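Here's a quick walk through some empty space, a surface patch and a few charged pairs. Have the structure open while you read.

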Amino acid sequence: MRTLSPSARIHAGVLVGGSVPALILLPWSGVDLDRLGALAVLFIAFGVVARARLTGLCGAPDGALFPLVCAAVLLLPAGPAATIAVPGVLIARAGTPDMVTRVVNAAHLVPALAVASRVYELLHGTRYPTASDLPAGLWPTAAAGLALYVVSGLLDAAFRAATQGAARLPVLREVFVRSAGWRLGSVPIGLMMAVLWQQRLGVFAAVLVLLPLYVAFWAFAQQVREQAAHEATVRTLVRAVEIKDGYTRGHSERVARASVLIARRLGMREDRVVRLRYAGVLHDVGKLSVSTRVLTKPGRLDAEELREMQRHPVTGAEMVAGLTFLGEAHAGILHHHERMDGRGYPAGLAGAEIPEFARVIAVADAFDSMTSTRSYRPARGADAAMAELRRCSGTQFDPRMVEALAQALARHGWPEAEVRDGEGSDRVPAPRGQSRADTHSVARERAGGGS
Amino acid sequence: MTASEARCEPGAPATRLRAYTATVVLVLGALAAVAAVAATAARGVVQPSYALVFGAVIAVGETARVTLPGNRQTAPLGAAGALAYALLPDVHGTVSRHGVLQVVAVVGVALLAGTLPHVVRGRAPEPAYVARRLLAAGFAATLFRPLYAGGGLDPVMARGWAYGTFLVLVVLLTSLCDAVVAAMARVERPFRAALLAELRALCAGLSPAERFGPDGEDTGRAGGLTGIGTAVGASGMLIALSAGALGLWTVPVFCLPSLLVLLSFRRYAATRLVHRQTVDALSRLPEAAGCGSPGHAARVGDLAHAVGVDLGLGEVELRELRYAAKMHDIGQLALAEPVPGGITLELPEAEQRRIARLGAEVIRESGVLDRVAGIVAAQADPYRDGRGGPPPPLAGRIIKVVNAYDDLITLTEDPRSRREVFARLRADAAGAYDPRVVEALAQVLERSG
């Protein structure tokens, strides 16, 4: 169990300790027992469902219970509403490991519900809303929903700031902005539920409203998982490429990282940054079609071998042609060996004709290659590599990209070159006969391509 | 005559009969549409404002269709709207008077309107899909409208719980009917298997089990509540009841949950598609690297899947099998010298198994595809290891047989040599191949001709 800061302890103590007497002292008068029972069952049932499958959505699993909480504010006095909502939230969160946060967050509901309920009563909201109340009845509901959102959000943010020692403003912003859509959207859903409840449908109405929402949430959760599985498959793709050529081990990943640094510096849009990352990771995928003999040949490549080597951007682009999510990244992979002076390959594009992605990757690729240790030479330091990049800036590299990388490195730094060459070779056996005498560092290969 | 040919014989008439079931669905759908439109045109539209509102919902829902993996088309909003129109009770005290035929007509016209944007973009829906939607709406209306119009429902509707139970019953029966119709229309599978798949999809939406992961099985089994069918049924009832209780203006408001379902499933389907593309790209790597004949991975993937269907594998296992079969040659990438033509069959068994393990190693690093990696690792293990140990997993056995078959056919370079290839697979004295899988493969190939 982790230790809590003193302020977090006080916060937890007051709220959890105070919630038990509060549940008893809050108004209970005029409670409809049928409703109380039905809502209690709903809270528990949907708490179980939320716990089982909606983890990771709406911030926390109990976020999914929010429409039900809103309906409880409208249908029940504060005391019973809080009494049945708290167990539901505890159940929904039972899967999360942090017991203290779980209990404290459930306790936050008590004051939030009490305030919201009071607001609703002060504005003459009725506990038996019907269709005829609707246009006028919207205001108390909206005010109560807002109160619920604000109070619970403030308490959550305060507790997070206290436990994580984070600055208050960013936490506040995160808590309120991230949950705004769903939490405020839950208010009309809760109202729908309450009104339909009143129209001879009772608990059935609540189930009808909640079921589609849960199905949608479930699909969102699946989507998140599928996305993760997809990322994993892309990683497998990269690993498969790196099997063949020991030196590239980790190279793709680092090129991707450097490309992202450059892109951020250039202020690229986030969706383009994501695609550029993929382009960085996959830029050398075509090396798979270069025979191991050529790939690992010590000494200079002859003309035929050089041609084979220089085909890799084209084959690489062909290999990933079917991946629609790559978009612009295709051009980045195809042209990452072009030079600003037009003497690169495969198309001999010059200057601005070269796609932006390709210009970024060319710089990132050369930089990582120079800062990696090779068996025939030690790694250059980042400064020496930058100097080399600057020297070739304008002829080989786009000066904008070189400068962006320099600025990004000045700000974020670059992990010192460890011995990367051949690292991890114990996991996937190295190809037989491969000396790992890496004789085709990217820089050298570029020189070959350019001359 | 070989054993497989003999086993195929009684299957042939059944296959022919299966083709008729699809035609029956189309004919029924067409009949319903013609009768409904004719009757409605003759009598005039009753309560046109209701028809207009629900027709609009259905049409909008239809323009926003989702194609789920497995090429299942659904329109959650459109289907919910149609169901709601069929189940519409008194609207704010006014008795709704539209009959079964008008429901079918409105749904049909709205379907047509909603389909137009798709047709313009060159993606016309399958006729079977339209027929299904019409028949489902007609079925629900047949259960509800005559009873309601005749006043038979009045005592039920007076009690909330009884009304709710009745509606749930109607929706359940409609879903069942729809599943039967869908299974009749999907002729590529045996009826029983198709019906089971439809029922599972009904309960579990996207058959969540289809996706995998460390806990893939758990979510798969517990998928009952989260199906798209559940969402459609609940939304349909919700829209009908709220319109009845509060008035027609609530219809767009209560469409919101369906809209959310639509959006979430769309995103999910899109991600699934992208993932599939990546797996395909991964499976083509060995070919690109010169270790594998072109199309080998895809052929083995498709054939293994077909054999898996024949052997009755569930959808989770099928998806894992397909992925593993497509990626089965990844291990060859780790070899310094590519195996000539990528044909591993002639290699010593120990070497074959080493390549399999290498491939599994790569796949396992992804961290998510562990079970696929397990299958890939087992693909070269013989059916009987000679020491009485347990056989490798079925998926691994399938890949071993299918891979050997494709290698042998490629080696002989003569597609007519299938007979000799099978003679070799069946003669297998060492017990490398599972005879059941070999026979299933023979059947699959026989059927596809």
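The second largest cavity holds about 170 Å³ of space. Keep in mind that this is a predicted model. Searching the whole structure turns up eleven cavities of 30 Å³ or more. If you wonder how such gaps are found, rolling a probe the size of a water molecule over the atoms shows where empty space is left.

So who sits around the second largest cavity? Its lining counts 13 residues, and the closest to the centre are B:Thr344, B:Gln352, B:Gln379, B:Ala380 and B:Asn403. Two elements give two or more residues each to this lining: helix 16 (349-364) and helix 18 (394-412) of chain B. Helix 18 of chain B gives the most, with four residues. In chemical terms the lining is a mix, with five nonpolar, five polar and three charged residues.

**Charged pairs**

Side chains of opposite charge can pair when their charged atoms come close. Over all chains, the count comes to 31 salt bridges. Here are three of them, with the N to O distance for each.

| Acidic partner | Basic partner | N to O distance |
|---|---|---|
| B:Asp406 | B:Arg299 | 2.7 Å |
| A:Glu388 | A:Arg391 | 3.0 Å |
| B:Asp381 | B:Arg353 | 3.1 Å |

Take the salt bridge between B:Asp406 and B:Arg299. This pair links distant parts of the chain, as B:Asp406 is in helix 18 of chain B and B:Arg299 in helix 14 (residues 296-310) of chain B, 107 residues apart. B:Asp406 is buried, because its relative accessible area is 5% and the cut-off for buried is under 20%. B:Arg299, at 34% relative accessibility, counts as partly exposed.

Then there's the salt bridge of B:Asp381 with B:Arg353. B:Asp381 lies in the loop between helix 17 (370-378) and helix 18 of chain B, while B:Arg353 is in helix 16 of chain B, so the pair ties together parts that are 28 residues apart in sequence. B:Asp381 is buried, with a relative accessible area of 15%, and B:Arg353 is partly exposed at 28% relative accessibility.

Over in chain A, salt bridges that share partners join A:Arg272, A:Glu328, A:Glu356 and A:Arg400 into one network.

How far apart in the helix are A:Glu388 and A:Arg391? They are three residues apart in helix 16 (residues 382-391) of chain A, so about one helical turn separates them. As for the surface, A:Glu388 is partly exposed, with a relative accessible area of 21%, whereas A:Arg391 is exposed, with 61%.

**A greasy spot on chain A**

Which residues form a nonpolar patch on the surface? They are A:Leu146, A:Val150, A:Leu154 and A:Leu184, and together they have about 300 Å² of accessible area. Helix 6 (residues 134-164) of chain A gives the most to the patch, with three residues. A:Val150 lies in this helix 6 of chain A. With a relative accessible area of 32%, A:Val150 is partly exposed. That is enough to qualify, because patch residues need over 30% relative accessible area.

Note on methods. Residues numbered from 1 in each chain as written. Chains lettered and ligands numbered in written order. Predicted model: local features only at pLDDT ≥ 70, side-chain atom pairs only at ≥ 80, totals over all residues. Heavy atoms only, no water. 1 Å grid on protein atoms, 1.4 Å probe; cavity = no way out; pocket = protein on both sides within 12 Å on 5 of 7 lines; lining within 4 Å. Points joined across faces, edges and corners; volume = space filled by probe spheres on them. Nonpolar A, V, L, I, M, F, W, Y, C, P; charged D, E, K, R; others polar. Patch = residues over 30% accessible without salt bridge, like charges linked within 9 Å, V, L, I, M, F, W, Y side chains within 5 Å. Areas by Shrake-Rupley, 256 points an atom, 1.4 Å probe, with all protein chains shown as cover. Salt bridge = Lys/Arg side-chain N within 4 Å of Asp/Glu carboxyl O. Buried < 20%, exposed > 50% of the residue type's maximum accessible area, 1.4 Å probe, protein only.
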